[in-house]
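Subject: The structure you asked to look at

Hi,

Here is the structure I said I would pass on. Have a scroll through it first, then read my notes below with the viewer still open.

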Amino acid sequence: MSKVPIRVLASGTFAVGTDAFVVAGFLPDMAVALHASEAAAGQSVTVFAAAYALSSPVLATLTARLPRRRLLVGALVVLGVANLGSALAPSLPLLIATRLLAAAGAAAYTPNAGAVASSLADPRARARALSVVVGGLTAATALGVPLGNLAAQHLGWRTALGLVAVLSLAAAAAVRAVLPELPGHPRVPLRARLAVLRHPAVARVLPLTVLGMGAAYTAYAYSVPVLEGVGVRAIGPMLFLYGAGAVAGNLLSGRATDRWSARHVLVAGYTVMAAAMGALAWLAASGTAAPVLVGVLAAAWGASSWCQTPPQQHRLITAAPGEAALLVSLNSSAIYGGIGLGTALGGLTLASGVVWTYGAAALLAAAALAVTVATSGGPAEQTGQTGDDTASPLGGRRRLAARDQAER
C-alpha cells in the first residue's frame, strides 16, 4: 500500500491540530478583542476539548455506516466552516459556539483517520503509521501554531483563523482526491461500543491518556504568559522549538514502540516531562533569565507531550485489534479530555502565578509516571505482538451476530 494516503490523512490532522492549538499563539490579542480575560478566553480551548471528548464516541456510532472517505471529507469541511465562523465571531459566547462546531468536525476526523491508517498499514508497522497520522497534530504545533502567531501579529487573529479554514478545506480536497474507497462499518449501539471500556487493558490505558495530556497542556494553552514568566520575549521561536520537539518525540516514539515496548517509551516521556516542567517552575520562581535553557526545556516539553500518543494507541489496538476504530476514537476522546483538564487547571493556577502553573504540570506528569509504572505490563504489551479481539465485548457481539446470520 502506498504511503501517500497515510500522509494525506496526516494533512487533515495537521489542519485539526492547527485549529485546536493555534489559539495559544494569540490568546492575549483575542482576549482583548472579545473583552475577556486571558483565563476566560483560554476556556475556549477547554470547551473545544471537552466537546471533542464527549462527541467522539457518539459521532463514531452515528457515522459508522458512512464510507470512510466521505466521512473524512465531510468532517474537514465542517471544520473549515466552523473556523470561518470563529474568525467572524463578535463576542466570546459566539466564538465558543463555533468552537463547539469545530470540535464536532475534529472529533469525526481524527480517530477515523487513525483507524484508516492502521488498516492501510502492515501490522508490523502499525505504530509507525499511527505516528505519521498523529504527526500531523504535532507538526501543527511546530509549524501551524508559530505561523498562526506570526499571522496574528501582522494580519490579526481573525485572519489567522480564516487561514485555518482554508487549510481545512484544502485538506478535504486532498483526502477526496487520494484516499481509496473504503466501506463503513456495521452500526453498533453506543452502549455496546462503550462495553469495551470493561476490557482490563483499556481501563488501564485511557485514564493514563487523560492524566498525561492534562500534564502536557496545563501550561500550553497559556504559552504566551507562562513563557513571559520565565523571561522569554520571542514567543514564536519558543513555540517552534516546542513543536520541533513534539514532531521528533512523536516520530521517534512510534519507532521505539515497534522496536522495544510502549512501557519504556511512556516511562521515558513522563520522566522528561516532569523534569522539564519542574525546571521551568524553578526558573520562574528564581527569576533566572536563561533563554537558551528555556529553549531546550521547551523542546523537551514538546517531545514528552507528544511521545505518549503512539504507544498508548498501540497498547489499545494490541489489546483488541478488532476494535481499532472504536479504541482510537476513545483514546482521542481521552486526549482531548486531558487537554480540557489541563487547560482548566492552567486557568485556575495562572492567577496565582506561572510558578503554580508549571508546578501543577510537573505534579501531573509525576503522577502519570507513577501510574505507568504501576499499571503497564503484560505479555502482549511487552512484546508488541498483536492479539485478537476475544476479550472484547464488542468483538464478541459481532461474532455472535455473524454466526446468527450464517445460521439463517
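Below is what turned up when I went through it, one spot at a time.

Before anything else, keep in mind that this is a predicted model. Every value here was computed from that model.

**The salt bridge**

Let's start with charges. Side chains of opposite charge can pair when their charged atoms come close. How many salt bridges does a search of the whole structure find? The search finds 1. The partners are Arg99 and Asp19, and their closest N and O atoms are 2.7 Å apart. This pair ties together distant parts of the chain: Arg99 belongs to helix H5 (residues 92–120) and Asp19 to helix H1 (residues 4–21), with the two positions 80 residues apart. Are these partners buried or exposed? Arg99 counts as buried because its relative accessibility is 4%, and Asp19 is buried too, with a relative accessible area of 0%. For both calls, the cut-off for buried is under 20%.

Helix H1 also holds Pro5. With a relative accessible area of 6%, Pro5 is buried. Try finding Val116 from there: Pro5 and Val116 are 111 residues apart in sequence, yet their C-alpha atoms are 9.5 Å apart in space.

**A loop residue with an unusual angle**

Next, go to the loop between helix H2 (23–33) and helix H3 (38–62), where you will find His35. Most residues other than glycine have a negative phi. His35 is not a glycine, but its phi is positive, at about 55°. His35 counts as exposed, because its relative accessibility is 75% and the cut-off for exposed is over 50%.

**A greasy spot on the surface**

Now turn the model until you see Leu143, Leu147, Leu150, Phe240 and Leu241, which make a nonpolar surface patch of about 440 Å². Which helices each supply at least two residues of the patch? They are helix H6 (126–155) and helix H11 (235–259). H6 gives the largest share, 3 residues. An α-helix has 3.6 residues a turn, so residues three or four places apart point the same way. Leu147 is a good one to click on: Leu147 sits in H6 and counts as exposed, because its relative accessibility is 52%.

**Aromatic rings and helix H13**

If you like rings, the whole structure has 8 aromatic pairs. Ring pairs join Tyr217, Tyr220, Tyr242, Trp301 and Trp306 into a cluster. Helix H13 (residues 291–306) is worth a check with a ruler: its 16 residues should span 22 Å at 1.5 Å a residue, and the end C-alpha atoms are 23 Å apart, so the two agree. Several residues of H13 are buried, among them Val294, Leu297, Trp301 and Trp306. Trp301 and Trp306 are the ones you just met in the ring cluster.

**Far in sequence, together in space**

Two pairs show how the chain folds back on itself. The first involves Leu211, which is in helix H9 (residues 200–217) and is buried, with a relative accessible area of 18%. The C-alpha atoms of Leu211 and Ala368 are separated by 5.9 Å, although the two residues are 157 residues apart along the chain.

The other pair is Val354 and Val226, which are 128 residues apart in sequence and 5.5 Å apart in space, C-alpha to C-alpha. Val354 lies in helix H16 (residues 354–375). At 14% relative accessibility, Val354 counts as buried.

**One last arginine**

Finally, take a look at Arg315 in helix H14 (residues 309–319). Is Arg315 buried or exposed? Arg315 is buried, because its relative accessible area is 4%. Its side chain makes a polar contact, at 2.7 Å, with the side chain of Gln312.

That's the tour. Shout if you get lost along the way.

Cheers

Note on methods: Residues numbered from 1 in each chain as written. Predicted model: local features only at pLDDT ≥ 70, side-chain atom pairs only at ≥ 80, totals over all residues. Heavy atoms only, no water. Patch = residues over 30% accessible without salt bridge, like charges linked within 9 Å, V, L, I, M, F, W, Y side chains within 5 Å. Areas by Shrake-Rupley, 256 points an atom, 1.4 Å probe, with all protein chains shown as cover. Salt bridge = Lys/Arg side-chain N within 4 Å of Asp/Glu carboxyl O. Helix = DSSP H or I, 4+ residues; strand = E, 2+ residues; numbered from the N terminus. Buried < 20%, exposed > 50% of the residue type's maximum accessible area, 1.4 Å probe, protein only. Phe/Tyr/Trp six-rings, centres within 6.5 Å; stacked < 30°, edge-to-face > 60°. Polar contact = N/O pair within 3.5 Å; in protein donor to acceptor, adjacent residues only side chain to side chain. Expected span 1.5 Å × (residues − 1).
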